[in-house]
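Please look at the model below before reading on. The paragraphs that follow go from the pocket to the helices around it and then to the chain as a whole.

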Amino acid sequence: MWTKVKSLTLSRILVIAMFILLIAGLVFIPYISKWFECISTGKGFFEGSIFVPVCILLYVSDVFALTAVSALYILLRNIASDKVFIPTNTKCLRIISWCCVMAGITYIVFSPWRYEFLFAAFFAEFLGLILRVLKNVFEEAVEIKSENDYTV
């Protein structure tokens, strides 16, 4: 039978696995960049090799991803401890949303090398927007819970 505890455990395992993959991926960024340069057929404003810009883009993106995954792990840990509507969780959602927004901005900055990066930027910005809305809803729920705790 699938339970809340099993679901949270699976989520935490997947977040840890993603963190490990992101750390391990740091080693392979030059290879990924070279591969992308070989298969990329897109155009950009800047002509020539895109190896260095893609390396920089992936390293910067990895920092945002590691930060977001760390905040997600804290959020899941709090939920597993039955600490759902607390300010720390709101802060975690805020951090994750800003990481998405900053990753989107990073992709916009690097879009002159390949216009396809604008698609990644759009999706990162859209995810950041959705998370901001969820963060605002969560923040309101934390406030309502706090008021209810003081009412009785």
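**The pocket and the helices**

The largest pocket holds about 180 Å³ of space, in a model that is predicted. Its lining consists of L22, S61, D62, F64, A65, A68, C99, C100, A103, A124 and L127. Sorted by class, these lining residues are nine nonpolar, one polar and one charged.

Which elements give two or more residues to this lining? They are α2, α3 and α4, the last of these covering residues 117-151. The largest share comes from α2, with five residues.

Two of these contributors, α2 and α3, also pack against each other. Helix α2 spans residues 51-80 and helix α3 spans residues 87-109; their axes lie 9 Å apart, at an angle of about 165 degrees. Angles over 145 degrees count as roughly antiparallel, so α2 is roughly antiparallel to α3. The crossing of the two helices, α2 and α3, is left-handed. In the contact of α2 with α3 there are 18 nonpolar residues and six polar ones, with no charged residue.

Helix α2 has a further packing partner in α1, which runs over residues 4-39. For this pair the angle is about 175 degrees, and the axes are again 9 Å apart. By the cut-off already given, that makes α1 roughly antiparallel to α2. What classes of residue make up the contact of α1 with α2? It has 25 nonpolar, three polar and five charged residues. Charged residues are thus part of the contact of α1 with α2, whereas the contact of α2 with α3 has none.

These helices can now be placed in the chain as a whole. The chain contains four helices and zero strands, and its pattern along the sequence reads α-α-α-α.

The overall dimensions come last. Along the principal axes, the C-alpha atoms fill a box of roughly 70 × 30 × 25 Å. The radius of gyration of the chain is 19 Å, while a compact globule of 152 residues would have a value near 15 Å.

To go back over the model, one can start at α2, which packs against α1 and against α3. From there the reader can turn to the pocket, where α2 supplies five lining residues and where α3 and α4 each give two or more.

Notes. Residues numbered from 1 in each chain as written. Predicted model: local features only at pLDDT ≥ 70, side-chain atom pairs only at ≥ 80, totals over all residues. Heavy atoms only, no water. Axes fitted to C-alpha atoms, helices over the stretch in contact; angles between N-to-C directions. Parallel < 35°, antiparallel > 145°, perpendicular 65-115°, else oblique. Left-handed = near helix turned anticlockwise from the far one by under 90°. Nonpolar A, V, L, I, M, F, W, Y, C, P; charged D, E, K, R; others polar. 1 Å grid on protein atoms, 1.4 Å probe; cavity = no way out; pocket = protein on both sides within 12 Å on 5 of 7 lines; lining within 4 Å. Points joined across faces, edges and corners; volume = space filled by probe spheres on them. Rg over C-alpha atoms; globule rule 2.2 N^0.38 Å.
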